[in-house]
Amino acid sequence: MIAADTYRALAQDAWSWVLGQVRGDDGPWLPEVVSDTEPQTGPADDRDSLYSGIAGLAPILAEIGQHRALTDEEQALASGIVTRLSAMAAVRDEPSLYDGLAGDATALKLLAPGQERIALERLARLKTPAGWDTAQTFEDFTGAYTDIVMGTAGVVLAAAWAGGEHSREIMTTGGEALLSVAEKTEAGLDWRMRPGYGSSSPNFSHGTAGVASALTIAGLALDRPDFIAAAEQGARHMLAVGSLADNGFVIPHTIPKAKREVEPVTYTWCHGPTGTSLAFAALALAGVDSVGDYAVDELRRRCFHSVLTSGLPQRLRPGFWDNDGRCCGTAGVGDALLDYAQDGDDARFAEMLGAARIMGDALVERAIRDESGTYWRFVEHRQDPPLLPPKTSWMQGAAGIAAFLFRLARVIETGPSATVVDRPDQWWAVPAASRAVRRE
């Protein structure tokens, strides 16, 4: 069995590699990809984002702070991130959690509590009855997205997590906007990534599971039973389009089936039962006992049963498990397993911690160490050669992987009461006493 110190040492080595990639140009920035053949000459447009930019370094800096004091270099980086995001949040138009103001609020709350008000004030000013219009153009659409990553659901969750004077109006506006675009189905309600989008992605990142989570959390905070009722209707739709076979629960990646080549069922945070389990955790927190004939706690358990019997983290076939990051791969599964472990009794803790260690072991095995440092390379089986260059970021790279490994080491040593550096899109899945971030 791999020792906690081994996970921690690997995390530190990977973090040192990420830290070595940070550059300065009107504040810190981080190249998302480190490639010898395609060098990055300057900051990308999403340089500040939670997904792949410097806001995504806030959670790992907060995680490191649970293990030891930050070094002078790390403190300088944290200060630089706060300075940059505080200035940009005052004028930024993009609202989203993973590429905009809600992500700014997340990073600022983690690094400099109180500074998140700048981003929340801006979100309050930018709100419309339909939610928040994206400042970017995706497929010629510039209106309001609904989802966790790019849309209203993510903004609502950030406001609920951060608190403050603008939290209630943001949650109210966002929740009512989500109700207005719900699509009635035979079983309940569905939300697409945006109104009129050609397909539905019912899992967490871009669809119904994420929207239902946001509505539940906002409904609980605002005493809005209509929000919670809509979320429960969303869960009914999820049951109708999913499969409860073999004591598990999975929902297709995309309905109708995705035009691009992708596994019809995946097991990730973004498009699989790892993330979808969060909807049932939210409903349980709000006092919803069951959806249809199934207890919500049972549905959450079924999600993890499907994950753990799927075969991951083994790469069973091309395209099955090619990613080790947080969004789409091994680290994201591992982190959710730790949430579920810490939110249960002793038997569950032991079982889920053991499963999280399997994810950690795979990351130890797949780590690449060379003269430049320690990192991971994912696989894209549809290209030749299939091995991708290493990435640095929170959601798709070494920063996010390292944070999971740091946390895994701490949970092994401390047990189920280990502090959780919680975030807007998962805080309700862990016990209140374990959460590091204070909510107002």
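This passage describes the surroundings of one helical valine, the largest pocket and the cysteines of a predicted model.

V156 is part of helix α6, which spans residues 152-162. The relative accessibility of V156 is 1%, and V156 is therefore classed as buried, the cut-off being under 20%. Apart from neighbours within four places in sequence, the contacts of V156 are I170, M171, G174, G175, A214 and A218. M193 lies 37 residues from V156 along the chain, and the C-alpha atoms of the two residues are 15 Å apart.

The largest pocket encloses about 1200 Å³ of space. Its lining comprises 46 residues, of which H253, R260, V262, H271 and C328 are the closest to the pocket centre. Sorted by class, the lining of the largest pocket contains 21 nonpolar, 14 polar and 11 charged residues.

A disulfide is a covalent bond linking the sulfur atoms of two cysteines. A search of the whole structure returned 0 disulfides. For C270, the nearest cysteine sulfur belongs to C328 and is 3.8 Å away; a disulfide requires the two sulfur atoms to be within 2.5 Å, so C270 is not assigned to one. C328 is also one of the residues closest to the centre of the largest pocket. C270 counts as buried because its relative accessibility is 5%. C303 likewise takes part in no disulfide, and the nearest cysteine sulfur to that of C303 is the sulfur of C270, at 14 Å. With a relative accessibility of 0%, C303 is also classed as buried.

Notes: Residues numbered from 1 in each chain as written. Predicted model: local features only at pLDDT ≥ 70, side-chain atom pairs only at ≥ 80, totals over all residues. Heavy atoms only, no water. Helix = DSSP H or I, 4+ residues; strand = E, 2+ residues; numbered from the N terminus. Buried < 20%, exposed > 50% of the residue type's maximum accessible area, 1.4 Å probe, protein only. Contact = heavy atoms within 4.5 Å. 1 Å grid on protein atoms, 1.4 Å probe; cavity = no way out; pocket = protein on both sides within 12 Å on 5 of 7 lines; lining within 4 Å. Points joined across faces, edges and corners; volume = space filled by probe spheres on them. Nonpolar A, V, L, I, M, F, W, Y, C, P; charged D, E, K, R; others polar.
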